[in-house]
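Q: Before we begin, could you show me the model, and then take me through its features one at a time?

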Amino acid sequence: MKEGKLVCLGIESTAHTLGIGVVDSSGRVLANELATYRPTDSGIHPREAAQHHAHAAPEVLRRALVKSVSSADEIDVVAFASGPGLGPCLRTGATLARAIALKLGRPLASVNHGVAHIEIGKLATGFRDPVVLYVAGGNTLVTTFSEGRYRILGETLDIAAGNCLDAFGIEAGIGPMPAPEIWAAKGQKYIPMPMRVKGMDVSFSGALTRASTLLREGARVEDVALSLTEAVYSMLTEVLERAVAMTGKKEVMVVGGLARSRRLTEMVRDMVKLHGAEHRGIPDELLGDNGAMIAWTGLLMFRAGQVVSVEESHVRPRYRIDEVEVTWLGPSRS
Ligand code: FE2
């Protein structure tokens, strides 16, 4: 191993975003470049998204390298997001990572996307042992580290919170997030929504169905947006509160694209205060899917000896965060 700082290049390609980031072992983000696939209609087409990533890769990689290093030889480790995500998208990112690792003769780190959201959040906040709400278009879960793994304390039983709000926005003709939150700010009337919380699990499909029915019945889009966003954020805050109360931990962070929501942040902050805990925000560019989070987690894994050979570098579309052995954190603090 060379003296001084290590440098890791990380590739994110689980869904809409192709992100390539470069991070050093002091935690400095040297580059965090991305290109985002925007579907022509409402849904994401996995093969189209993968083609987008393959097409965008040379340029995004070039930008990331130009910003971060004087020569690609300075890269010590190559990391890629191996899951969870869409198969064709994951394979595109993994192929690129393997090619770079082979060309440079460097080790590969296979990174769980959800774990990467948590690790970059910890780097940005300085938190050591937080309770984490991970909310995005495709994921909704509450987790914390315990006995060698990030344990899933609660999760959505049906659709992800971001997916619920995106689907509503598209149906209402205003577009996906952040549009529903922007329209919600103009809402005047809260219409009761079904709130489904079971233990630390949540379910959003009932609220989405109710919102669709209200739209069809001619309710004002602003009022439905207000009611739905308030219901979704309240459910999320409630399960997070249960996790904070149960674990007694004092650090709370929200990661994933939906963590950009001002209203959700406000609710979480109010709740956290009641428990004598602390919430810290994370810069927007590190909240959504990005390459820097993969690079940073790859670096942590590499330092703990957690690397894979090219032959072992499979993708895992259904890779859950609690399947990852978190060897880089040492023994449990819980
Ligand atoms: Fe994500």
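A: Keep in mind throughout that this is a predicted model. In the protein chain there are 10 helices and 12 strands, and 53% of the 334 residues count as buried.

Q: How does the radius of gyration of the protein chain relate to that of a compact globule?

A: The general idea is to set the chain against a rule that depends on the number of residues. For 334 residues a compact globule would have a radius of gyration near 20 Å, and because the protein chain has 20 Å, the two agree. The C-alpha trace spans about 60 × 45 × 30 Å along its principal axes, and among contacts with a separation of 6 or more, 75% are made by residues 24 or more positions apart.

Q: Which protein atoms are the donors of the iron ion?

A: Donors are picked by a distance cut-off, which is 2.8 Å for a metal such as this one. Here the protein donors are NE2 of H113, NE2 of H117 and OD of D289, lying 2.2 Å from the iron ion, and along the chain they follow the spacing H-x3-H-x171-D. As water is not among the atoms, the site may look incomplete.

Q: Why are H113 and H117 separated by about one helical turn?

A: H113 and H117 both belong to helix α3 (residues 113-125) and are 4 residues apart there, so about one helical turn separates them. Both H113 and H117 are buried.

Q: At what angle do α3 and α10 pack?

A: Helix α10 (residues 291-303) packs with α3 at an angle of about 90°, the axes being 8 Å apart. Because angles of 65 to 115 degrees count as roughly perpendicular, that makes α3 roughly perpendicular to α10. By class, this contact has 9 nonpolar, 3 polar and 1 charged residues. On the α3 side the residues include H113 and H117, together with I120 and L123, while α10 contributes, among them, M293, W296 and L300.

Q: Where in the backbone are the cis peptide bonds that precede P84 and P178?

A: Omega is the angle to read in such cases. The bond from G83 to P84 is cis with omega near 0°, and P84 is placed in the loop between β4 (77-83) and α2 (87-104). The bond from M177 to P178 is also cis, with omega near 10°, and P178 is in the loop between α4 (161-171) and α5 (179-184).

Q: What is the phi of E147, and is E147 buried or exposed?

A: E147 is a residue other than glycine with a positive phi, near 50°, and its place is in the loop between β7 (140-146) and β8 (149-155). With 60% relative accessibility, E147 counts as exposed, because the cut-off for exposed is over 50%.

Notes. Residues are numbered from 1 along each chain as its sequence is written. This is a predicted model: local features need pLDDT of at least 70, side-chain atom pairs count only at pLDDT 80 or more; totals for chains, interfaces and linings use all residues. Side-chain values use heavy atoms; hydrogens and water are left out. Helices (H or I, at least four residues) and strands (E, at least two) are DSSP runs, numbered from the N terminus. Buried means under 20% relative accessible area, exposed over 50%, partly exposed in between (1.4 Å probe, protein chains only). Donors are N, O and S atoms within 2.8 Å of the metal (3.2 Å for Na, K and Ca); water is not among the atoms, so sites may look incomplete. Axes are lines fitted to C-alpha atoms, for helices over the stretch in contact, and angles run from 0 to 180 degrees between N-to-C directions. Angles under 35 degrees count as roughly parallel, over 145 as roughly antiparallel, 65 to 115 as roughly perpendicular and the rest as oblique. Contact means heavy atoms within 4.5 Å. Ala, Val, Leu, Ile, Met, Phe, Trp, Tyr, Cys and Pro count as nonpolar, Asp, Glu, Lys and Arg as charged, and the others, Gly among them, as polar. The radius of gyration is taken over C-alpha atoms; the globule rule is 2.2 Å times the number of residues to the power 0.38.
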